[in-house]
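Trainee: I would like a close look at one part of this model, its inside. Please take me through it step by step, and explain each term as we go.

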Amino acid sequence: MEKSNINKAADILYNSRINIKRIKELPKDCTPKSFQEAYAIQDELTKRYLLENKNTLVIGKKIGCTNEAAKIQLNINDSFFGNMFSNNISKSNTIIYSDKYFSPFVEPEFSFVIKNELDILKAPYKSEIVCESISAVLPSIELVDSRFEDWTVVGVKNLIADNAVHAHWIYGEEMSNLNSINFNNHSVDLLINGKLIDKGNSNNVMGNPINSLTWLINNLALSGKSLPKNSYISTGTCTPAIPIKKGDEVMADFGKLGNVSFIYK
């Protein structure tokens with residue numbers, strides 16, 4: 001794809017977000033036909049987000065479709081990733097205002113803080129080594145909100161271009177003692193307005209969310225990229241993506257890891 005078409009796609013997706021106006025699809029001349037083109041559009045879209053606010057930084061990555069239920073929801077077979085930004089995060093027990101979003105879904109996710117940047121020349125890494133590069137785990141909820149009218153039919157490449165449909169990240173307290181959590185089997189309850197909506201589990205995320213982080217690190221290395229020290233990584237939903245509406249009070253209970261909550265106003 002020509003650079004001008006990559007820029008065209010990024011402009012369309014950026015304007016869709018800024019103007020809160022959805023699109024049905026990208027024009028054919030700037031629809032990504034490969035993962036490389038999709039991530040190239042995502043990179044250009046990221047530049048526009050950063051220019052929007054000079055104080056905004058990329059703080060980490062979100063990983064999408066690490067959960068089989070989520071793949072079925074979106075009719076895709078591949079996991080993918082996008083960027084998280086410093087102006088789109090909130091600490092737990094906050095208010096998220098609905099006027100910035102279309103029709104978001106919530107995803108309770110295990111998130112990690114990167115302690116050491118791994119040498120990409122030594123990739124691929126095994127999960128045991130990746131685990132040693134983590135400084136903390138924290139409970140989180142990702143808001144996903146596609147710029148496409150129907151994100152279940154546009155395919156994985158369009159979702160990647162759309163910054164992996166990331167919208168906002170809400171996070172809880174960090175825990176540095178990873179050994180106290182059994183990532184192979186740790187339940188997560190998603191409640192909306194006090195009612196249990198779904199019971200998820202860490203093993204829904206590639207069998208273990210550290211496997212998801214390992215997948216990300218190894219895939220980034222293939223394109224010569226790494227995760228900087230202190231990056232936050234949201235590893236993918238423990239439940240299906242659940243829609244919310246204005247007025248909802250959302251909480252994800254991660255047991256001994258704590259909980260994370262917000263009101264969608």
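Mentor: Start with burial: a residue is buried under 20% relative accessible area, exposed over 50%, and partly exposed in between, using a 1.4 Å probe and protein chains only. Next, the ground rules. The model is predicted, so local features need pLDDT of at least 70 and side-chain atom pairs need pLDDT 80 or more, while totals for chains, interfaces and linings use all residues. Numbering runs from 1 along each chain as its sequence is written, and side-chain values use heavy atoms, with hydrogens and water left out.

Take V165 now. V165 is buried, at a relative accessible area of 2%. Its phi is near 50°, a positive value in a residue other than glycine. V165 sits in the loop between α5 (156–161) and β7. Those labels come from DSSP: helices are H or I runs of at least four residues, strands are E runs of at least two, and both are numbered from the N terminus.

N193 also has a positive phi without being glycine, near 55°. Its place is the loop between β8 (187–192) and β9 (195–201). N193 is partly exposed, at 45% relative accessibility. Another backbone feature lies in the loop between β5 (105–114) and α4 (127–132), where P124 is found. A cis peptide bond joins A123 to P124, with omega about 5°.

Now the core. In soluble globular proteins, nonpolar side chains tend to be buried together. Here a nonpolar core is a set of buried Ala, Val, Leu, Ile, Met, Phe, Trp, Tyr and Cys residues joined through side-chain atoms within 4.5 Å. The largest one has 70 residues, and V106, F110, L213 and F262 touch the most other members. Contact means heavy atoms within 4.5 Å. Beyond its neighbours within four places in sequence, V106 is in contact with I141, E142, L143, L190, P240, A241, I242, I244, V250 and F262. A second, separate core has six residues, including V113, A136, L138 and W169.

What about cysteines? A disulfide is a pair of cysteine sulfur atoms within 2.5 Å. The structure holds zero disulfides. C131 is in none, and the nearest cysteine sulfur, that of C238, is 16 Å away. C131 is partly exposed at 29% relative accessibility, whereas C238 is buried at 0%.

Next comes the empty space. Rolling a probe the size of a water molecule over the atoms shows where empty space is left. The search uses a 1 Å grid over the protein atoms alone: a cavity is a set of points where a 1.4 Å probe fits but cannot get out, a pocket is an open set with protein on both sides within 12 Å along at least five of seven lines, and lining residues have an atom within 4 Å of a point. Grid points are joined across faces, edges and corners, and a volume is the space filled by probe spheres set on the points.

The largest pocket holds about 330 Å³ of space. Sixteen residues line this pocket, and F35, Y39, F81, N219 and S223 lie nearest its centre. At least two lining residues each come from α2 (35–52), β2 (80–85) and α6 (209–222). α2 gives the largest share, five residues. By class, the lining has seven nonpolar, five polar and four charged residues. Ala, Val, Leu, Ile, Met, Phe, Trp, Tyr, Cys and Pro count as nonpolar, Asp, Glu, Lys and Arg as charged, and the others, Gly among them, as polar.

The second largest pocket holds about 220 Å³. Its lining has 13 residues, with R17, I20, N88, K100 and Y101 nearest the centre. α1 (3–19) and β7 (166–171) each supply at least two of them. Here the split is five nonpolar, three polar and five charged.

Cavities come last. The structure holds three of 30 Å³ or more. The second largest cavity has a volume of about 70 Å³. Its lining includes I114, N116, Y125, I217 and K225. By class, that lining has seven nonpolar, two polar and two charged residues.
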